[in-house]
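User: Please take a close look at one part of this model, the surroundings of the bound ligand, and describe them in a connected account. A word on the pairing of aromatic rings would also be welcome.

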Amino acid sequence: MVFDRHVAMPSPARLRRAPEGFLGREGVATVLREARDGRRDFLRGAFAAAMAAGAAAVADRAAAQANPVPADGGDPNILKLPEHSTGLGRPVVTDGYGLPSKYESNVQRRQSPGLTQTAQASVSFAPLQSLFGIVTPSGLHFERHHQGWWDIDPGRHRLMINGSDERIVRKPMVFTMDELMRLPSVSRFHFIECGANTGMEWGNVAVPTVQYTHGMISCCEYTGVPLRILLDMAGADYKRGRFVLAEGADGSGMTRTVPMELVERGEVLVAYGSNGEMLRPENGYPLRLVVPGVQGVSWVKYLRRIEVGDMPWGAKDEVMHYIDLMPDGLHRQYSSIQECKSVVTTPSGGQVLLDKGFHQISGLAWSGRGKVRRVDVSVDGGRNWRTAQLQGPVMDKCLTRFTLPWVWDGKPALIQSRATDETGYVQPTYRQLRAVRGTRSIYHNNSIQTWLVQDSGEVKNVQLS
Ligand SMILES: Nc1nc2c(c(=O)[nH]1)N[C@H]1C(S)=C(S)[C@@H](COP(=O)(O)O)O[C@H]1N2
Ligand SMILES: [Mo]
């Protein structure tokens with residue numbers, strides 16, 4: 001059964017993607033009308049080709065046949081030389097930070113229509129439907145602030161390392177940013193996902209787009225010093241010191257316990273860099289903790305202190321929040337690892353398929369426990385599955401892009417993706433998730449997402465039971 005749980009949907013025009021974005025809607029309609037007959041033949045063949053020879057062959061044929069020259073040769077966008085082909089272009093950009101094209105101005109972080117709109121918004125969602133590959137551009141990284149963000153002066157920022165007693169850390173230390181940045185650093189790609197990502201779906205609130213269902217995730221190349229190096233310098237006792245507490249400098253008093261096991265693996269970073277430049281202020285400039293595989297709340301921003309201790313602290317953000325209410329009425333605490341999950345980003349809610357025929361299904365998969373091993377895609381609500389192609393490199397605790405060629409027959413379709421990680425864990429259906437976790441959770445929803453493609457081509461968020 002399909003539940004139609006749609007809420008206020010932003011205009012589909014805002015969500016449409018290339019090629020309309022380049023040709024304009026009329027242009028696309030014209031090209032399609034004029035190409036129709038030849039193209040349909042191509043598409044029928046394309047499905048067989050996809051099965052036999054893989055997507056590359058399909059793409060070659062698409063390139064050869066997708067844009068036949070209109071019979072009357074009358075497209076002014078081809079025949080009339082635009083000013084950019086005849087005039088002098090603008091000079092080099094040296095008067096500020098380079099920005100995206102003005103034609104891309106609708107690609108933005110947004111507040112969810114499913115949440116209370118506040119002047120001082122505390123969550124903004126990344127526009128997953130508009131992104132390619134796996135890296136989130138820094139200006140589109142989701143934001144979650146418990147008490148607003150700050151642009152902190154790095155010259156005055158300090159990081160303290162201390163122990164809960166003087167034996168657990170023998171030489172408590174304070175680092176300036178300059179002192180941290182001269183230490184050995186590493187750069188690694190990882191995803192960060194808020195534990196509340198996809199939380200609305202538990203409560204039957206169908207937000208319209210993948211930006212709002214899954215947009216509390218981002219993926220960057222982080223640069224920083226492994227926390228292990230700083231703890232070594234401070235003389236930490238790893239036998240007694242089995243946990244660290246990370247504390248932020250903003251007014252939210254953000255403190256999270258992280259098991260020392262993750263630190264000892266060398267994975268936890270004290271990071272200052274993201275995507276090749278310093279962190280953005282919204283994302284913790286000048287320093288944040290990177291805890292690969294663990295939910296976003298533990299990636300403490302504006303990081304000012306690390307304390308080493310012999311047991312979890314039970315701080316407010318771990319006792320009251322980010323806990324899972326189970327069907328028996330008990331809470332699960334410290335379920336920090338983000339389990340294996342995936343979502344189709346194209347086609348996804350709010351998008352409109354141009355026409356029947358060839359479409360590439362594309363999406364993102366990830367696991368807090370390691371690498372994604374495989375992603376299966378269904379277009380009939382989970383009855384039949386085909387294995388998608390993973391776009392390399394497939395990295396540890398990092399987003400992985402998957403793609404699958406699809407020929408849409410114009411009939412309603414239910415699109416799903418199901419990821420499996422290297423531990424063998426398979427992403428659950430809602431039925432499977434609710435059997436274990438009940439219906440009253442908010443956090444840690446990694447269930448399979450369904451998009452309904454209607455015969456009009458419009459795509460909607462639905463949930464299968
Ligand atoms: N100091 C501080 N750190 C913080 C937060 C915060 O409000 N203050 N929010 C946490 C939460 S709940 C998440 S999901 C991530 C969000 O990181 P981002 O804003 O860079 O996307 O930061 C975490 N670290
Ligand atoms: Mo979060």
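Analyst: In this predicted model, the shell around ligand 1 is made up of nine nonpolar, seven polar and six charged residues. In total, 22 residues surround the ligand, and the closest are Phe142, His146, Asp250, Arg288 and Lys301.

Polar atoms of the protein approach ligand 1 from both backbone and side chains. From the backbone, an N or O atom of Phe142 lies 2.6 Å from an oxygen atom of the ligand. From the side chains, Arg288 places an N or O atom 2.7 Å from a ligand oxygen, and Asn283 has a polar side-chain atom at 2.8 Å from an oxygen atom of ligand 1. Each of these pairs falls within the 3.5 Å cut-off for a polar contact. On its own, ligand 1 has 540 Å² of accessible area, and the protein covers 100% of that area. As to its location, the ligand sits in the largest cavity.

Turning to the aromatic rings, the model holds four aromatic pairs. One of them joins Phe191 and Trp366. Their ring centres are 6.4 Å apart, which is within the 6.5 Å limit for a pair. The planes stand at 55°, neither under 30 degrees nor over 60, so the pair is classed as tilted. This pair links distant parts of the chain: Phe191 belongs to strand E6 (residues 186–193) and Trp366 to strand E17 (residues 357–366), with the two positions 175 residues apart in numbering.

Conventions:
Residues numbered from 1 in each chain as written. Chains lettered and ligands numbered in written order. Predicted model: local features only at pLDDT ≥ 70, side-chain atom pairs only at ≥ 80, totals over all residues. Heavy atoms only, no water. Near = heavy atom within 4 Å. Polar contact = N/O pair within 3.5 Å; in protein donor to acceptor, adjacent residues only side chain to side chain. Areas by Shrake-Rupley, 256 points an atom, 1.4 Å probe, with all protein chains shown as cover. 1 Å grid on protein atoms, 1.4 Å probe; cavity = no way out; pocket = protein on both sides within 12 Å on 5 of 7 lines; lining within 4 Å. Sits in = over half its atoms within 2 Å of the grid points. Nonpolar A, V, L, I, M, F, W, Y, C, P; charged D, E, K, R; others polar. Phe/Tyr/Trp six-rings, centres within 6.5 Å; stacked < 30°, edge-to-face > 60°. Helix = DSSP H or I, 4+ residues; strand = E, 2+ residues; numbered from the N terminus.
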